[in-house]
Amino acid sequence: MSPTTILDEDNNGKKVDETMYREMIGSLLYLTTSQPDIMFSVCKCARFQSAPNPITVVKRIIRYLIGTSDLGLWYDHSINFALKGFSNVDFAGDKTDRKSTSGTCQLLGNAFVSRHSKKKNCVALSTTEAEYLAVGSCCTQVL
């Protein structure tokens, strides 16, 4: 899913079984531990569990997983054990409540070991404040 894709609640559209939708989202969230590339899309869909209308997006994620079942992460055997952390944030990226979403990932040498993504509880007043909160979250994950 493109980061510029906007999902909104569609109260006039065809209703979807909420229980089935929640089960699908729960299964996809479980898969994000071994398939971190779907984290952004799954978390964006998980925001609509009370009004589950973007079922086509969830089906698209499942089709992507079927098509990429032979791909995975490669952990190289190396002597480089430097711990590196990266963070990013979108300032007021949610069009509904203008809250920012930050993401972090940590690498041990060249190996991906951890990731974290969260929509902030508060509204940042500037890009500097949003970046500062994202760096703090990244440092927390590293520690």
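**Notes on a predicted α/β chain**

1. A good place to begin is the pairing of Gln-106, whose bridge partner in β3 is Ser-114. The model is a predicted one, and this residue pair belongs to the contact between strand β2, residues 101-108, and strand β3, residues 111-119, which pair in the antiparallel sense over eight bridges. The two strands form a hairpin with two residues between them, and in that turn Gly-109 has a positive phi of about 70 degrees.

2. On the other side of the sheet order, β1 and β2 run antiparallel and are joined by eight bridges. One residue pair to look for here is Leu-83, whose bridge partner in β2 is Leu-108. As general background, strands of a sheet pair through backbone hydrogen bonds, either parallel or antiparallel.

3. Taken together, the three strands make an open sheet in the order β1-β2-β3, with antiparallel pairing. The edge strands are β1, residues 83-90, and β3, each of which pairs on one side only. From one strand to the next, the twist averages 15 degrees. Helix α4, residues 127-142, packs on this sheet and touches β1, β2 and β3, while its direction makes about 150 degrees with that of β1.

4. For orientation along the sequence, the protein chain holds four helices and three strands, and they follow the pattern α-α-α-β-β-β-α. Of the 143 residues in the protein chain, 29% are buried. Among contacts in the protein chain with a separation of 6 or more, 59% are between residues 24 or more positions apart.

5. Which residues touch the most other members of the largest nonpolar core? They are Tyr-21, Leu-28, Cys-45, Val-58 and Ile-61, in a core of 14 residues. Helices α1 (18-31), α2 (39-46) and α3 (55-67) each supply at least two residues of this core, and α3 gives the most, with five residues. The general tendency in soluble globular proteins is for nonpolar side chains to be buried together.

6. The packing of α1 against α3 deserves a separate look: the two helices meet at an angle of about 35 degrees, with their axes 11 Å apart, and α1 passes α3 in a left-handed crossing. From α1 the contact draws on Met-20, Tyr-21, Met-24, Ile-25, Leu-28 and Leu-31, and from α3 on Ile-55, Val-58, Ile-61, Ile-62 and Leu-65.

7. Is Thr-32, in the loop between α1 and α2, buried or exposed? Thr-32 counts as buried because its relative accessible area is 3%, which falls under the 20% cut-off. Leaving aside residues up to four places away in sequence, Thr-32 touches Ile-38, Met-39, Val-42 and Arg-115; of these, Arg-115 lies within the residue range of strand β3.

8. The cysteines can be dealt with briefly, since the structure holds zero disulfides. Cys-138 is in no disulfide, and the nearest cysteine sulfur, that of Cys-139, is 5.9 Å away, whereas a disulfide would need the two sulfur atoms within 2.5 Å. Cys-138 is buried, with a relative accessible area of 8%, and Cys-45 is also buried, with a relative accessible area of 0%.

Technical notes
Residues are numbered from 1 along each chain as its sequence is written. This is a predicted model: local features need pLDDT of at least 70, side-chain atom pairs count only at pLDDT 80 or more; totals for chains, interfaces and linings use all residues. Side-chain values use heavy atoms; hydrogens and water are left out. Two strands pair if DSSP finds at least two bridges between them. Axes are lines fitted to C-alpha atoms, for helices over the stretch in contact, and angles run from 0 to 180 degrees between N-to-C directions. Contact means heavy atoms within 4.5 Å. Buried means under 20% relative accessible area, exposed over 50%, partly exposed in between (1.4 Å probe, protein chains only). A nonpolar core is a set of buried Ala, Val, Leu, Ile, Met, Phe, Trp, Tyr and Cys residues joined through side-chain atoms within 4.5 Å. A crossing is left-handed if the near helix is turned anticlockwise from the far one by less than a right angle, and right-handed if clockwise.
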